[in-house]
Amino acid sequence: MASLSDYNAGLLLGEWIDLDGKDADDVQGEIAAMLRTSKHPNVSVACPICEGTKEHHHPLTDLHNYASVVPCLYCKGTGKVPSAEEWSIHDYDDCPDMGENPSLEDLCEQVRLVEEHGDAWRAYIEWRHVNDVSESDFEDCRAGEADSEEDWIDNFLEETGVLDEMPENLRSYFDSSRYLRDMELNGDVSFEYVNGTTYAFWNH
């Protein structure tokens, strides 16, 4: 995550944010903290210490019978601190690339889906593209996985019983590769390859 006002001024200000186990509010809080360190602030935001109240409870004052609420030293009693306003994502690591300004809710959801479905979800995104995906569509379209397309079609033929009515002595003449090629040409199935595994998806 990077500060746009600093970037536009020729500076790089940003930090990597680990999204595992976090929701949009958690991520927004980390972005806000980064933006408050900007060398080129362009807005004022609520002080993170007093939360805009302009006052701060100081526990040491109770020991001396002084008022325990004092003006916030962080914002000097103004309730506001300088901050950059806008952010963008300049790079992703082990997370679907959702562009520079994604919805944080959508971003956290993608992280959850990768954690739940692993490389199968990554393959699905490559096939469908990240802006046109849903978990229900993933479940409907997913057609299994194998080490190769050849292994997948062999498994498919066995599981669906396509060859069951063919005499055993004739099955060796069946061209499974051509059968698969016809399926692809007819738009029935597509394949994506992630980390050495072949993932199949139904097109309709």
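Where does Glu51 lie? The legends below take up this residue and several others in a predicted model.

**Figure 1. The whole protein chain of the predicted model.**
The protein chain contains 8 helices and 9 strands. Its radius of gyration is 28 Å, well over the 17 Å that the globule rule gives for 204 residues, so the protein chain is more spread out than a compact globule. Along the principal axes, the C-alpha atoms fill a box of roughly 100 × 40 × 25 Å. Of the 204 residues, 35% are buried. The protein chain exposes about 12900 Å², and carbon and sulfur atoms supply 46% of that area. Among contacts between residues at least 6 apart in sequence, 53% join residues at least 24 apart. The side chains include 13 positive and 46 negative ones, and the centres of these two sets lie 8 Å apart.

**Figure 2. Glu51 and Asp94, two loop residues with a positive phi.**
Glu51 lies in the loop between strand 2 (43-46) and strand 3 (55-57). Its phi is positive, about 55 degrees, although Glu51 is not a glycine. Most residues other than glycine have a negative phi. With a relative accessibility of 66%, Glu51 counts as exposed. Asp94 is placed in the loop between strand 6 (87-88) and helix 4. Asp94 is not a glycine either, and its phi is positive at about 55 degrees. Asp94 counts as exposed, at 60% relative accessibility.

**Figure 3. Helix 5 and the elements that cover its buried residues.**
Helix 5 spans residues 119-128. Which residues of helix 5 are buried? They are Ala120, Trp121, Ala123, Tyr124, Ile125 and Trp127. An α-helix has 3.6 residues a turn, so residues three or four places apart point the same way. The cover over the buried residues of helix 5 includes two helices, helix 4 (104-117) and helix 6 (135-141). It also includes strand 7 (142-146), strand 8 (189-194) and strand 9 (197-202). Just after helix 5 comes His129, with a positive phi of about 85 degrees.

**Figure 4. Asp137 in helix 6.**
Is Asp137 buried or exposed? Asp137 is buried, because its relative accessible area is 18% and the cut-off for buried is under 20%. Leaving aside residues up to four places away in sequence, Asp137 touches Tyr124 and Arg128. Tyr124 is itself one of the buried residues of helix 5.

**Figure 5. The salt bridge between Arg112 and Glu135.**
Side chains of opposite charge can pair when their charged atoms come close. In this pair, the closest N and O atoms of Arg112 and Glu135 are 2.9 Å apart. The salt bridge links distant parts of the chain, with Arg112 in helix 4 and Glu135 in helix 6, 23 residues apart. Arg112 is partly exposed, with a relative accessible area of 31%. Glu135 also counts as partly exposed, at 25% relative accessibility. Which residues are linked in a network of salt bridges? The network consists of Glu109, Arg112, Glu116 and Glu135. A search of the whole structure finds 9 salt bridges.

**Figure 6. Two further salt bridges, Arg142 with Glu145 and Arg171 with Glu168.**
The closest N and O atoms of Arg142 and Glu145 are 3.0 Å apart. Both residues are partly exposed: the relative accessible area is 31% for Arg142 and 41% for Glu145. In the salt bridge of Arg171 with Glu168, the closest N and O atoms are 3.4 Å apart. Here Arg171 is partly exposed, with a relative accessible area of 26%, whereas Glu168 counts as exposed at 61%.

**Figure 7. Cys72 and Cys47.**
Cys72 is found in the loop between strand 4 (69-71) and strand 5 (80-83). Although it sits in a loop, Cys72 counts as buried, at 1% relative accessibility. How many residues apart in sequence are Cys72 and Cys47? They are 25 residues apart in sequence, and their C-alpha atoms are 8.9 Å apart in space.

Notes:
Residues numbered from 1 in each chain as written. Predicted model: local features only at pLDDT ≥ 70, side-chain atom pairs only at ≥ 80, totals over all residues. Heavy atoms only, no water. Helix = DSSP H or I, 4+ residues; strand = E, 2+ residues; numbered from the N terminus. Rg over C-alpha atoms; globule rule 2.2 N^0.38 Å. Buried < 20%, exposed > 50% of the residue type's maximum accessible area, 1.4 Å probe, protein only. Contact = heavy atoms within 4.5 Å. Areas by Shrake-Rupley, 256 points an atom, 1.4 Å probe, with all protein chains shown as cover. Lys, Arg positive; Asp, Glu negative; His and termini not counted. Charge placed at Lys NZ, Arg CZ, Asp CG, Glu CD. Salt bridge = Lys/Arg side-chain N within 4 Å of Asp/Glu carboxyl O.
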